[in-house]
Amino acid sequence: MNGLFSGDNPVINFLTVVCDIVILHFLWIITSLPIITIGASTTALYYTCMKCIRYGEGSIAKRYFKSFKENLKQSTVLWLIVLVAGGICGFDLYFSIINHIKALTLIFTVMTCAYLFIVFYVFPLQAQFDNKIKVTIRNAFLLAIKYFPWTLLLIAGTGAFLFLCYANIYVMGASVFIGIGLHAYLCSFVYVHVFKNYLPEEIDKDDYSFHIDVPDAEGEADVAASSDDSVSSNAAEDSDDPTGSDASENSDDPANSDAAASSDSSTGSDAPASSDSSAGSDVSASSDSSVSGNAASSAPHKLSIAEKIASVSNYADNNDETEDE
């Protein structure tokens, strides 16, 4: 009986995934009812699906609403841009077809394909990366071209799903209760595969963190090492100073004491003062420069997709390089 309800039971795991998909389906419908919030709800849907695929079980509702709240403003603007651009592409394509203008039909067909490429990636990108709107749109198009086989798979899978809903009444009935969540969950496997080349592994595996900063651990190690070296060198210099021992040995002899006094007054007043001032200024200057340099190097670095896309010539080579790394 314990084995039946254990976490390793594949049947229980499957049913858990199905329940999560159903919950996400209805969460998306409820939060999309104002229509204008469809962008934020779609972003939250893909964010939660990708988190479930990468890290397993978690609080579905908490993940969803956290993402919905954080991405509400920018996702809404993205949704309005997508909606207006889709209306323009659809109208232009329809106009060119009904008027039998072949040149315009070809142009608007290419524009519509580019629009679909962007739509399939823009909200998953918004869910995972912190960029400006124009950068997100540009990266969506670049990723769609770079991972063109996966883009075709997304388009073909979506088309097959819509055709089955139209052709089969049972599939249409099931899609009312699970369709949107299931489609997003299956597509998220593709997005997880594509984004893994650009997402560093989250050390804490924090289920509720959004955009990932990569701190430079070497900079912090350099600061600690330099501070340890300076402390040890200062201790060594203090231990090598023979002034105290010489003064104690020569204190009984008056002549020696006078010579020591004169030598101390001449050397102790001039040499240490000059050495302390010069050495102190040099040490402080070097320490300030090293600390400032290490502080600059230890600043968090935002992950940039566009740089990595631009640095790789083709899809296959990039896959091999990232896997080898």
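Here is a short chat between a student and a tutor about helix packing, aromatic pairs and a salt bridge in this predicted model.

Student: Before we start, how are residues numbered, and what pLDDT do local features need?

Tutor: Residues count from 1 along each chain as its sequence is written, and side-chain values use heavy atoms, with hydrogens and water left out. The model is predicted, so side-chain atom pairs count only at pLDDT 80 or more, totals for chains, interfaces and linings use all residues, and local features need pLDDT of at least 70.

Student: How many salt bridges does a search of the whole structure find?

Tutor: The criterion is a side-chain nitrogen of Lys or Arg within 4 Å of a carboxyl oxygen of Asp or Glu. Lys-66 and Glu-70 form a salt bridge, their closest N and O atoms being 3.9 Å apart. Searching the whole structure gives a count of one.

Student: Which helix holds Lys-66 and Glu-70?

Tutor: Helices here are DSSP runs (H or I, at least four residues), numbered from the N terminus. The two residues sit four apart, about one turn of the helix, and both belong to H3 (residues 60-70).

Student: Is Glu-70 buried or partly exposed?

Tutor: Buried means under 20% relative accessible area, exposed over 50%, and partly exposed in between, with a 1.4 Å probe and protein chains only. Its partner Lys-66 has 35% relative accessibility, so Lys-66 is partly exposed. Glu-70 has 48%, so the verdict for Glu-70 is partly exposed.

Student: At what angle do H5 and H6 pack?

Tutor: Axes are lines fitted to C-alpha atoms, for helices over the stretch in contact, and angles run from 0 to 180 degrees between N-to-C directions. The axes of H5 (residues 102-128) and H6 (residues 133-146) are 7 Å apart, and the packing angle is about 115 degrees.

Student: How many nonpolar residues does the contact of H5 with H6 have?

Tutor: Contact means heavy atoms within 4.5 Å. On the H5 side the residues include Phe-117, Tyr-121 and Leu-125, and on the H6 side they include Thr-136, Phe-141 and Leu-143. Ala, Val, Leu, Ile, Met, Phe, Trp, Tyr, Cys and Pro count as nonpolar, Asp, Glu, Lys and Arg as charged, and the others, Gly among them, as polar. By class, the contact has three polar residues, no charged ones, and a nonpolar count of 12.

Student: Is Thr-136 buried or exposed?

Tutor: Thr-136 is in helix H6. Not counting residues up to four places away in sequence, Thr-136 touches Gln-74, Leu-78, Val-122, Leu-125, Gln-126 and Asn-131. Its relative accessibility is 2%, so Thr-136 is buried.

Student: What kind of aromatic pair do Tyr-46 and Tyr-191 form?

Tutor: Rings of Phe, Tyr and Trp (its six-membered ring) pair if their centres lie within 6.5 Å; planes under 30 degrees apart count as stacked, over 60 as edge-to-face and the rest as tilted. The structure holds eight such pairs. For Tyr-46 and Tyr-191, the centres are 5.4 Å apart with 90 degrees between the planes, and the pair is edge-to-face.

Student: How many residues apart are Tyr-121 and Tyr-191, which also pair up?

Tutor: That pair is edge-to-face too, 5.7 Å centre to centre with 75 degrees between the planes. Tyr-121 is in helix H5 and Tyr-191 in helix H8, so along the chain the separation is 70 residues.
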